[in-house]
Amino acid sequence: MSGVFVAGGTMKPGAPTYIERKADSELFTAVMAGEYCSVLTTRQMGKSSLMARTAARLREHGVACAIVDLQGTGGPAEQWYYGFLKKLADGLGLSFDLAAWWKEQELLSPAQRLTDFLADVVLRQITGPVVVFVDEVDWMIRLPFSDEFFATIRSCFNRRATEPVFERLTFVLLGSASPAQLIKDATRTPFNIGRGIELTDFTPGEANPLAQWLGDDGEQVLGRILYWTDGHPYLTQMLCLKVAEAIPDSKPPDVVVDSLVQDKLLATGARQEENNLKFVADRLTQGTGDLRRVLQIYRDVLRGKAVQDVPASPLHTSLRLSGAVKSNAERLLTVRNRVYQTVFNEAWVREKTPSDVRWIVSTAAIVALMAIVAGWYLLIFPRPYIQALESASGDTEVAWQAYDHLRKPLHHSKADELLAQFFERRDDRDSAILVRARSGDRVLSELAGSDYSSLQKTLRHEGLVYDVAFSPDGKLVATGSGDNTARVFEAASGREVSRLAHQGFVYAVTFSPDSKLVATGSFDHTARVFEAASGREISSLTHRNSVNAVAFSPDSKRVATGSVDNTARVFEAASGLEISH
């Protein structure tokens, strides 16, 4: 949020709703000069506010602007490009029969139709400069034609050399991704022909206008807020708003601010409820294929080690896009602020760092060989697995693997006790009680109640669970939740097999008849098809509103969906192509 106060409100009647930053003048000046621009940074830094403010200023100067938001978009290329053009035409206020024009161009590829639409329709109907803001471009990562789309934007720039009319057209690309994630072919990328706009945290000078709304000691209060946030736009404005709501307060400014920080950001419950903290945690742990290495680098940064920022490094990019770190004047990675330093501390890193399964397996093999030679197999062999269970804190799969191996040499009671302690460290009371009850703890079984012998497993989410489904073969269970995920578990053990991500609540889940696929329906206006075992997304099925019902055909090749938009639709499961509605 470049300047809009959280929740869209102001702290007091007449309070300013926008804070001017360096990026505001940079973007406006560059676009007025006809430069292609990109704003690629972590979320809640103010991209949307910067875009809206710049578009408003451009319109005041006679520039036609359209904002095309890609959030929630998906589906086959034909439908996706048509939807893009519709949003573009609506944003520019064009009077045009898009459907008829689109049908006339059916022999052309969707990408060619986009460039022709810009040349033959947009730049003919609008005689002045045109700026197209494309927001949430990170949604393109999951689409197979991402390279083609960005190459098309690049081609519009290249046509300036031969077709001067294209000099009136400018693109601004905004999102939370790196250029390398968005397009793989560097020779066709639009990100190296324009200007990258860096959206930084508030400087003390930029944040200073907020002080007048924070009471008689406004400057001291703001100084203490910046002590915690180091100018992070969302956190700074959120705390300013909370302080403004608490005025008058007779406590010293630092006490007031520190109390709010503790209550709203550092308390255990706050870490689960505050959207910004949840986003950073998710991006730190789910934004890369090499989680162990990313967290090791982050731990080094936490410890104050000199970690030189390497922009081309996927690991460094993942860290920066999480928002947890930023690059300082010496191009060294630093933790973004004291809030993140406190919440995502070394204890958190230890909990989230996956155990090195390769080390466990190789060590076990070596020890087993030594034990056989020495004749002490049963005594020595379990030690690596005991160590794994004793040290495991966040990786359930590693804990279960160690548990299974430990029980084989007849160390049942030790395995049960260590597994129960593992669940207790994770605050998973149900699982810990269940393990102890099944291990033969008679007193615990009686205290837990007679129904505990029937309980198989408690499957947990971070939000309400809206739907559950067994696979036809009975081996898996799928759940849909308000934490924006569907999850697949082993029915017998409760182990999480895969996690299926959406951008909104997941209202419906179902398995294909062959148990290999899972279909989900979500508040984000999509149904999606995933591989149950791997969690790999196969296709995305788009509606105009929430999807709350999904079903497979008997041959697993088609998916039917039901939506709040008053339609039911049938799609091909593999391609996402709509068959009927």
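**Helix 14 and its surroundings**

Good morning. The buried residues of helix 14 are covered by elements that include helix 13 (275–286), helix 15 (314–322), strand 6 (325–327), strand 7 (333–335), helix 16 (338–343) and helix 17 (346–352). Please keep in mind that the model on the screen is predicted.

Let me describe helix 14 itself. Helix 14 runs over residues 291–302, which makes 12 residues. From its first C-alpha to its last, helix 14 reaches 16 Å, close to the 16 Å expected at 1.5 Å a residue. Just after helix 14 comes Gly-304, with a positive phi near 85°.

Which residues of helix 14 are buried? They are Leu-291, Val-294, Leu-295, Ile-297, Tyr-298, Asp-300, Val-301 and Leu-302. As background, an α-helix has 3.6 residues a turn, so residues three or four places apart point the same way.

Next, the nonpolar cores. The largest nonpolar core has 48 residues. Within this core, the residues with the most contacts are Leu-222, Ile-225, Leu-265, Tyr-298, Val-339, Tyr-340 and Phe-344. Helix 14 supplies the largest share of this core, with 7 residues. There is also a second, separate core of 44 residues, and Trp-80, Tyr-81, Phe-84 and Trp-101 are among its members. In soluble globular proteins, nonpolar side chains tend to be buried together.

I turn now to two tyrosines of the largest core. Setting aside neighbours within four places in sequence, Tyr-298 is in contact with Leu-319, Ala-324, Val-325, Val-335, Tyr-340, Phe-344 and Val-349. Its partner Tyr-340 lies in helix 16. Is Tyr-340 buried or exposed? Tyr-340 counts as buried because its relative accessibility is 1%, and the cut-off for buried is under 20%. With the same neighbours left aside, the contacts of Tyr-340 include His-232, Leu-235, Leu-277, Val-280 and Asn-345. Gly-323 is another contact of Tyr-340; the two residues are 17 apart along the chain, and their C-alpha atoms are separated by 9.2 Å. Tyr-340 also has a polar contact, side chain to side chain, with Asn-276 at 2.6 Å.

Finally, a sheet elsewhere in the chain. Four strands form an open sheet in the order 8-9-10-11, with antiparallel pairing. At its edges are strand 8 (465–470) and strand 11 (496–501), each pairing on one side only. From one strand to the next, the twist averages 15°. Strand 8 pairs with strand 9 (residues 476–481) over 5 bridges in the antiparallel sense, and Phe-470 stands opposite Val-477 of strand 9.

Thank you for your attention.

How values were computed: Residues numbered from 1 in each chain as written. Predicted model: local features only at pLDDT ≥ 70, side-chain atom pairs only at ≥ 80, totals over all residues. Heavy atoms only, no water. Helix = DSSP H or I, 4+ residues; strand = E, 2+ residues; numbered from the N terminus. Expected span 1.5 Å × (residues − 1). Buried < 20%, exposed > 50% of the residue type's maximum accessible area, 1.4 Å probe, protein only. Contact = heavy atoms within 4.5 Å. Polar contact = N/O pair within 3.5 Å; in protein donor to acceptor, adjacent residues only side chain to side chain. Pairing = 2+ DSSP bridges. Axes fitted to C-alpha atoms, helices over the stretch in contact; angles between N-to-C directions. Core = buried A, V, L, I, M, F, W, Y, C linked by side-chain atoms within 4.5 Å.
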